[in-house]
Amino acid sequence: MAARSVPMKNLPLRTGTVSWRARVALFVLTILAVITVVVTNALLTDRFTENTRNRAELRLALYSGNLLSELRRNAIVPQLLSRDPALIGALASGDFSNSTQRLISFVDEIGAASLMLLDRDGRAVAATDRNRLGSMHRSDPYFIDAIRSNETVFTNMRREVGSFVFAYSRRVEQQGGTLGVIVVEVDLAKFERAWAGISDAVLVTDSEGTIILASEPRWRGQTEEAALAAEPAISAIQRAIQATADWSALPADAYVEGEAVMRMQSRIPFRGWMMTSFTTYDSVRERVNGVLALEIMGFAILLALAFYALSRKTALRMALFQRESAELRALNMRLQREIAERERVQETLAVAEQTLEQSSKLAALGEMSAAVSHELNQPLAAMKTYLAGARLLLQRNRPEEALSSFQRIDDLIRRMGTITHQLKSYARKGGSALTPVNMGDALNSALSMMEPQLKQRQIRISRAVPSQPVMVLGDRVRIEQVMINLLRNAIDATGAVDDPEVDIILAAGETATLTVRDNGLGIEDLDQLFEPFYTTKAAGEGVGLGLAISSGIVNQLGGRLTARNAEGRGAVFEMRLPILMDDADEIEAAE
Ligand SMILES: Nc1ncnc2c1ncn2[C@@H]1O[C@H](COP(=O)(O)OP(=O)(O)OP(=O)(O)O)[C@@H](O)[C@H]1O
Ligand SMILES: [Mg+2]
């Protein structure tokens, strides 16, 4: 037998790949991430640059303000000291024993870097720095300028490499005569030190463009251009960072290498000085990068989640598909088994059909012979009774009467011959010819056949037959068979009742109707009544063929055999056969 495969249901096989919708979503997410990062980068860079610029400007303003206030504060000192009687007295008398002490007592209050008193020749006669006592300053600009001027003069002078001296000086005079010069050195170096603590690089140029103050010491004394050439702002800043303790934990390279530098300049309203600061963008980049890193991380997490969800979905779908396919496989196998089973059954059926075809003829023959033997029972029983009667009559020497019994037996034998003839005619496949039958006569002969049984029991039989003969077209013997079967059943049914009674009514209307009614126990099962071999009787008393044969006969004659339970007690059987009108009646009916 060829194995057949059942085609599987066409499942959507999307399990292995990501759906286009998911792809689009991922693509959009990536694009969104890129756009967000780019936009944020631009916005934050602008914003933080602006911020840094503002802070640098603010710092610049603060630095220059500090510088200016320091200068202004010191500017007044020479004027005050030039009027100090003790100093004037000392210069006039040439006794400077207390002068240095006096200057030292002032210097802290003033907050100046140093104070120095020069005599008329430019010799330091008193100084807060005792090492300078006796040093000559005749050629120093602050002495020369002060001698020439009536005002306080400001000098910035390069002392050694990289260090500038900022000094206010003024002539000390008495009655128009010059006694000496008082020099106040302003401490601006402290600002440099303060600036060096910040990550910016700061420088101050004088009106000639020379760097006089700078957070980067190597710049001092040069022009900005030269200074930057020698020491780029970037490395100056880098060193400034390295000098800053707070930053030392971080590698300086990361902040400044290859970074652009922001240059800011502001004017200090003092002798044309300018202050310039350099700030790296590193802090800007640093902060922007921080935010960008956060954003990128966020998107990465989002993507990871998306992928996780997708893979989960795919896994679930995969599991579902596997389960479905397993179910389908099982189903397929079951179907194949079923198909194999069916095929086997079909083959068996074909064989059975063949056998049946052969045996059905035999079965019909068997059915027929069963019916025939069933119907022979009644005449045989009657014959037995008549024979017994005849023997009795002969013994009593009444041969005439015995002769009539023999006549009856002869009739019965003829009848039995007719019944067996049916079997022969069936075998020839031809029905016996139908003849007009008088129902009343048929009923009479049926009753006479029943006579021996009826005599055995006290059964009241009432018979109502119309005066006109009731004619049907049929087979007399077979019609009588039906009547005998109905009567026998009625007699059997009334076996247990006290007052057995059977009514037989023959009526002619549209059909010829024979009604057999008894007052027995009634029909138990109306549905199975006409089934062959359905019987409620004990074995030997009945085989259940009577009604099956009878209804077969009535149907063959184009009539109907029906049964019902009577309203009071007992059963009612009705045999209806198409009525046969005689010629005269037919003509009347036609007219
Ligand atoms: N007049 C009736 N009253 C009650 N029950 C009946 C009557 N006629 C038939 N039956 C029921 O119908 C059954 C079938 O009747 P049927 O004549 O076919 O077979 P049977 O009488 O049992 O046996 P047999 O083959 O000898 O006639 C009976 O066994 C009985 O139960
Ligand atoms: Mg019967």
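Let me start with Arg 271, which counts as partly exposed because its relative accessibility is 45%, and I should say at once that this value, like the others today, comes from a predicted model. Arg 271 sits in the loop between β8 and β9, and although Arg 271 is not a glycine, its phi is positive, at about 55 degrees. To put that in context, most residues other than glycine have a negative phi.

There is a second residue of this kind, Phe 533, which is likewise not a glycine and has a positive phi of about 65 degrees. Phe 533 belongs to the loop between β14, residues 511-518, and α14, residues 546-556, and with a relative accessible area of 60%, where anything over 50% counts as exposed, Phe 533 is therefore exposed.

Now back to the two strands that flank the loop of Arg 271. Strand β9, which covers residues 273-280, pairs with β8 in the antiparallel sense over 8 bridges, and within this pairing Ser 266 stands opposite Met 275 of β9.

Which sheet do these strands belong to, and in what order do its strands run? The sheet is open, has 4 strands in the order β7-β6-β9-β8, and is paired in the antiparallel sense. The edges are taken by β7, residues 211-214, and β8, residues 261-268, and because each of them has a single partner strand, one side of each is left without a neighbour in the sheet. From one strand to the next, the twist averages 20 degrees.

Two helices should be considered together with this sheet. Helix α1, residues 20-75, packs on the sheet and touches β6 (201-205), β7, β8 and β9, with a direction that makes about 35 degrees with that of β8. Helix α6, residues 189-196, lies across β6, β7 and β9, and runs at about 50 degrees to β7.

How are α1 and α6 placed relative to each other, in terms of their axes? In general, two packed helices are described by the angle between their axes and the distance between the axes. Here the axes of α1 and α6 come within 11 Å and cross at roughly 165 degrees, which means that α1 is roughly antiparallel to α6; the crossing of these two helices is right-handed.

As for the residues involved, α1 contributes Tyr 63, Asn 66, Leu 67, Glu 70 and Arg 73, and these meet Lys 190, Phe 191 and Trp 195 in α6. Sorted by class, the contact of α1 with α6 comprises 4 nonpolar, 1 polar and 3 charged residues.

Terms used
Residues are numbered from 1 along each chain as its sequence is written. Chains are lettered from A and ligands numbered from 1 in the order in which they are written. This is a predicted model: local features need pLDDT of at least 70, side-chain atom pairs count only at pLDDT 80 or more; totals for chains, interfaces and linings use all residues. Side-chain values use heavy atoms; hydrogens and water are left out. Two strands pair if DSSP finds at least two bridges between them. Axes are lines fitted to C-alpha atoms, for helices over the stretch in contact, and angles run from 0 to 180 degrees between N-to-C directions. Contact means heavy atoms within 4.5 Å. Angles under 35 degrees count as roughly parallel, over 145 as roughly antiparallel, 65 to 115 as roughly perpendicular and the rest as oblique. A crossing is left-handed if the near helix is turned anticlockwise from the far one by less than a right angle, and right-handed if clockwise. Ala, Val, Leu, Ile, Met, Phe, Trp, Tyr, Cys and Pro count as nonpolar, Asp, Glu, Lys and Arg as charged, and the others, Gly among them, as polar. Buried means under 20% relative accessible area, exposed over 50%, partly exposed in between (1.4 Å probe, protein chains only).
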